[in-house]
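Student: Before the terms used for this model are accepted, the grounds for each should be examined. Could we go through them in turn?

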Amino acid sequence: MRIHLLHMNDLHSRLENHMRIGAKIRALRAEFDRMGEASLTFDLGDVLDRVRPETEATCGLLNADLMRALGVDGWVFGNNEGLTIPVERWEELVIRSDAIAFGTNLRRPGGRPFAFFRDTHVYEVGGMRIGAFGLTPNYDLPYHMLGVEALDPLAAARRAVNDLVVQRVDAIVCLSHMGLRFDRALARELPQITCILGGHTHETMLEAEYVGHTAVFQPGKHGFSFGHTVLERSGGRVAARSERIPVEPWEPLDARMMQVYAREHAFVERQLGRAVADLSDRLQLEYEDECTFANLLTDILYDAFEGDLALMMAGALNASLLPGAITMEHVLGACPTPTRPIVVTMRGADILEAIDLALKPEIHNRQGIGFGFRGGRIGLLAISGALAEIERRANGRGVRRVVLGGRPLEPDRDYRVITCEYLWLSPVFPPFRRARDVTYQRPLVRELLIEHIGDPGRVERARLPRYEVVDPVKGRANGAWPS
């Protein structure tokens, strides 16, 4: 007897691809039914992404409704579900998905389980007992800020495997949003696991690789493919083999999922059409030079939290905003990256180095990637609460000094810097990686922008320059960059 596992991962709200996968999965399940063989459908996390307007408008509920329409049997939260959707909305997401949701290494404060998550579950299908559990990355700092305990995934996996072994299952399936390196290590550590179906690191594998008898597999990202893993008895045990099934852009969309999308379209349009501000002037965005829009965003962060200064990459923004009524949809298009503010401690020398790095074309023109970045280029670092004096040098622009409260930054002194998690996590800026005493803040940067973009005086203040070009010999101001 064979059991077919059909699994998706890292769709990131590619809704059209989700529906194309849905059509192929539904057809495959019908074929298995005709053959008298059972199947299970899993989602391995990051099914949603708040860069997508429909996901933002419904706080992920549309994605959950699409999962329900497809008939997903099991779901493990990825970091996008866990870290960008408010914890208060998790239960509603799970209920709307109608899937068994695994929170094997997620707990409430004090270690209390979430009532809507399962640590393990046994699926009785096709004459077999298939035990499953699910793991998500334990990003301690942001989860702690959200009031969630993210347990060590390896320790949680040991407990789950022991529990399933006691229940005398025929096979153990790990739904993993941990990444391929962890999955390989997990297979070495717990050989009782039959297969580890993975995501998070967006690996594309054509077939499973084996660590001992454990199959480890990831089929790709963004809904351009999905996984088909077959469990079959062989030599007294259940063995797994996997294949990647590609999904082409001309393939049809699933009819039931399309009906769900159409049903919610009017609500989405109302949410995205909600006015949040009225601009009398254009909010200009630039990546190479200082600009009003990035200054405004950085001012909002500086005003929202306690710190000596604020630094924010212009690349958090994707477009200028034109004069007139500004809606939720406009702000989402202009600020797609769902990053959170953080407050960190940095030495004055590291702050100077970070600002200087961003002046280099190879940095500010670099394509942002990973760590929640959803824009284009990284851009210059916008500043609030301080003034940077810039020299023109033979090899480009460089920082002469940064003035805060009328005094130059002291290289060996500590300062509290308001910034965002992307700058701290990304390897592009080593000075931010050296930051310490990191404090995560609850709202997304974009949510603060939506709340305060229409504040009186915001645009006028943002036009005030924070960079000043000085003569490298005389130290005399030559004027600020245009905004």
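The exchange below concerns a predicted model and takes up a sheet and a pair of helices.

Student: Why are strand 4 and strand 14 called edge strands?

Tutor: The open sheet has 6 strands in the order 4-3-2-1-13-14, with mixed pairing. Strand 4 (100–102) and strand 14 (237–246) each pair on one side only, and they are the edge strands.

Student: What is the average turn between neighbouring strands of this sheet?

Tutor: Neighbouring strands are turned by 25° against each other on average, direction ignored.

Student: What makes strand 3 and strand 4 count as a pair?

Tutor: At least two bridges are required between two strands. Strand 3 (residues 74–76) and strand 4 have 3 bridges, in the parallel sense, so the requirement for a pair is met. Within this pairing, Val76 has Phe102 of strand 4 as its bridge partner.

Student: Why is helix 1 called roughly parallel to helix 3?

Tutor: The axes of helix 1 (residues 15–35) and helix 3 (residues 61–70) cross at roughly 15° and come within 10 Å. Angles under 35 degrees count as roughly parallel, and therefore helix 1 is roughly parallel to helix 3. The crossing is right-handed.

Student: Which residues make the contact, and how do they divide by class?

Tutor: Helix 1 contributes Leu15, His18, Gly22, Ile25, Arg26 and Arg29, while helix 3 contributes Leu62, Asn63, Leu66, Met67, Ala69 and Leu70. They divide into 7 nonpolar, 3 polar and 2 charged residues; Gly counts as polar, so Gly22 of helix 1 belongs to the polar group.

Notes:
Residues numbered from 1 in each chain as written. Predicted model: local features only at pLDDT ≥ 70, side-chain atom pairs only at ≥ 80, totals over all residues. Heavy atoms only, no water. Helix = DSSP H or I, 4+ residues; strand = E, 2+ residues; numbered from the N terminus. Axes fitted to C-alpha atoms, helices over the stretch in contact; angles between N-to-C directions. Parallel < 35°, antiparallel > 145°, perpendicular 65-115°, else oblique. Left-handed = near helix turned anticlockwise from the far one by under 90°. Contact = heavy atoms within 4.5 Å.
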